[in-house]
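I opened a fresh notebook page today to look up charged pairs. Come along and read over my shoulder.

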Amino acid sequence: MANINNQNPNPGQDLLSPYCKVTIGSIGSKEADVFEIGDGRLKNVSVTLGEGKVQSNCRFTVLDPEQKLTDKYIAYIESVGGLTPLEAPPETQEQTPTISSVTNSAVDDGSNSGKVLYEKTIASTFGYGEATQGGTLGAYGDTIDFNGQYAAMIHPNYVAGAADSEKWRTYYKYAKMRVTNLSNQKSTIVTVVTTGPFALGSDGRAARPLRPHPDRKIDLTPGAWKALTEEPPGILNVKIEWLETGTTTSSTTASQTPQPKSQIVADLTKKAQKTLTDFITFKIGDWPTPKVGATKSIIVFPGHAADTTGGGGTNGTSGVSPVTYKGESRIKEFVANDISVELFKEELTKAGFTIINAPTLPSARGNAARTAYYEQIKQLKESTGAYALELHFDTPNGGKSGVIPGGKYDSSGNSLNVMDVALGRSFGTFSFYHRQSLGGPARGITLLELDPLNSTLTNLIDSAIATNNYQALRNALRPYAQKAAAALTTVTSGVAVSNEAANSSVNSAKSPQVENTSAAKTLTGAQITVELGYGGKTISATSFIHVGLRYSLFEPHALEFTGQSASWVLTQRVKNTAYQKITFKKLAEKITSSYGMKLEMPEDGPLYEYFPQRSQTDYEALLIEARRIGYRVYTKGATLYIQPRKGIDPNQQIFVLQYGENMGTFFEVTHQASTDSKGGARSSQPGSNNSTGERKFEIDPDSGQIKQKRKENVTGTGNSLDASTTGSPLPLPAPKTTGDTNASDSQRKANEDRIKGIIANAEFPTTPEALTLDPDTPFKTEGISTVLDRFWVVDTITHEYEGGKLSTKLSCYSPIANKKDTADINNGEIKTDSNNPVGKAVRQVFDNVAGFYGVVGFIFPTKGIYTSPFGPRGGRNHNGIDIANKLGTPIYAAASGTAVINQSGCEFSPSGNNKINRGCGGGFGNYITITHANGYQTIYAHLSEINIENNTQVTQGQLIGTMGNSGGSNGVHLHWEVLKNGRKINPSSVIKLPSLMSTIL
């Protein structure tokens, strides 16, 4: 064993901010749970990519101090089947349990939540023991956890002693704010648990009477401060967004008097009953008195969803032509309807409603499709008890806004919902029998005409379609959604989500209504997507199936999720079956398709006369046979890949792990001689090169009889003639092929066997390049030793985020060709052939690639003549190299990193000595600096054009500019410099330079 680099003098450094984002559910779905760095919830992330038995998986932990996520996901496990949980005994009338949740009546109705309070203001800290620190109890009586994400804020209208001082003192009480550090764009979400900051007196303490600080608008606990910056306590320029009002929270103040549950229920019921009574007694035209109560479960869908462009609706006043929307021809009204649905969902969710997703829009168009879709909505409404709302815009001339009720033309009001009345009082109404007069069936679906589709809206639709920018249209439509949410809230105060929709059996007569969590599609079994990168940008994204949860009472603020690759579903059931007359590809397609997975396999593989699957899962059956005939098996997303082992493409970019640069703190090499239980570099199949333990018997698949395959060696039995039972256990029946593909299967197997070689493990700080590594990806080590500076192939790789750092761990092997690299696939015997062309080809590929790439992954930034080296020139040092070519020759990033435009706009002569503003850019003219990982920087000078934005992430080989003659240049060329930790170094130390005046291609 060799343990390398545990004293690495330069283990690397993070020049870019790590980026991690985890989504449970469909990406972009409002029902998905999303966690990312800076939100105060994501604690750690681990992603492992593997193949074969090591299936890819993920693990991440989120902070859940109020156990909302814990309750949401664990409760879902109960809802999808299993034993009915034990219930607590019913309460008696005499019981008056203490309740620790109290309402803060001083907070306003939340109309400001979701807004930016300060685009730029000053933040400081409290809790470090300053003179102004008020102790461990906050102004609201709470014990403050200074390691948590908390803050102090006071409304600027606060005046001590004023009549309304209490209102403004508690205005932000328990509100949630997003605070963003403007210098690095890191964000965290904090809860306001006390008041401040206040203006200071000459003694450095809060001035009396208390008044808000004129400049600082928020003070952060040390935990929140560290989430935004690594700088010591001081001041920061920040942006503050108000996310949620703090209407309820746990309180420890003795002044609050808890109410019995029964009294809370009675108060809520009275309030709801009074509101409902007001609406019931409100008379609307020919409408009857509503008898159906409100619900907080709503289905919202667009009108004309299944119509053709001539099947109804309007194109508004801006012409009669339809538009292309979401890939098909649509009337303009449908565009407005569809976007309004999105906005309604957003605003209703904010108002506390639960959105029941409507069925997927049908692909067919016409009357039959429309009727079928309405029936689906009707069935969904009836099964969930939700309120169904269809959105429309009326004709531009003579049209109006208003509600067409969803009642069944029953004048008794037994089918009229009070929510129709609420919307009618805000938007206006049509006749109760309007739909009947048009011959429309009554399905219990309310239709809301939001407004006539006037010229303003149709012009906005035309503009949005033409520019693919819908923001102005959304801004114009959002007030309708806000208006509807406000109207519906008036009749749903104290009303819970419908029991069926929330999958809940809470009895409102026994306990107060609580917030219900739905979105079953986002829970166990859903998709988990993990995105990793740097600088706020995703470099790699991997998807998994959510398969596990872990909650510990002794770590109560954390909830751990686990996910597996999609092929995990193939491991859940052991089968006993057999297949006949089927190719390996068809077999794999048959298995994967039954689980909803896709298969990628470039060839058919052997044709089987008989393929047994005995006491194996589907994944085991595929994996064992794939290995037997030389395929590798891995999963990406919902696709299973069964493919031959890759070689190395000399044109591909090779990742380099170099001692003293990016190798990190651990690199361990192991080599173990072959044993029966474990292979090594000299034996890719344990037990195959010896006679001890060799199988002497096998089962004849035709007769089922046990036959002796090989007689005992007399010498090996001590010259004894007695019967003996040496040998390995009897094998299971093996797949039997037609033999047509034996040659190609044997060659593929030989290529697969060559991978068994020297094993190594490495751990290092993650770089953007490392995030692109996958199993079977080659990379190179340098700076270790003559023998160990070689090519390796990734076996498994794990990326971990914790404590603000991304690190990478990988296991790998050195591809040494197997000495016995030709196999007879069907009888399992190994034939020796030292001249096997496959082994030679593998060795040749690996040998030829060595030395092809730069030492730490740099490439030449352009093509041309290498005209001037690094070193003394003209009485001073030339700190880079010059490469000459014609004006406009492309310039590329030599390695990935963050690019900064140092100077642009310099004019220049197109050839010869530049005579225009030679001092521009300090003599460099137009130039760019790129900061790379591990302390490296590169400079690109004398450019003619710059093709990137300032302060942007670039990847190796990306076009960043063109060759020019700006600044102090004496001919069109690129001046290229390399710096290490701020010191200019010879570029030859990072890339092999040709001889002077040679051409760089």
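Before I start, a word on terms: I call a residue buried when its relative accessible area is under 20%, exposed when over 50%, and partly exposed in between. I also keep in mind that this is a predicted model.

Entry one. I looked up Asp 307 and found a relative accessibility of 6%, so Asp 307 counts as buried. Its partner in a salt bridge is Arg 370, with the closest N and O atoms 2.3 Å apart. Arg 370 sits in helix α6, while Asp 307 lies in the loop between β14 and β15, 63 residues apart along the chain. Arg 370 is partly exposed, at 23%.

Entry two. Which residue pairs with Arg 632 in a salt bridge? I found Glu 51, with 2.6 Å between the closest N and O atoms. This pair links distant parts of the chain, 581 residues apart: Arg 632 is in strand β28, and Glu 51 is in the loop between β4 and β5. Arg 632 is buried at 4% relative accessibility, and Glu 51 is buried as well, at 13%.

Entry three. I checked Lys 332 and saw a salt bridge to Asp 462, the closest N and O atoms being 3.1 Å apart. Here two helices are linked: Lys 332 belongs to α5 and Asp 462 to α9, with their positions 130 residues apart. Lys 332 is buried, at 3%, whereas Asp 462 is partly exposed, at 25%.

Entry four. I also noted one network, in which salt bridges with shared partners join Glu 342, Glu 346, Glu 347, Lys 350, Arg 474 and Arg 478. My count of salt bridges came to 24.

Note on methods
Residues numbered from 1 in each chain as written. Predicted model: local features only at pLDDT ≥ 70, side-chain atom pairs only at ≥ 80, totals over all residues. Heavy atoms only, no water. Salt bridge = Lys/Arg side-chain N within 4 Å of Asp/Glu carboxyl O. Helix = DSSP H or I, 4+ residues; strand = E, 2+ residues; numbered from the N terminus. Buried < 20%, exposed > 50% of the residue type's maximum accessible area, 1.4 Å probe, protein only.
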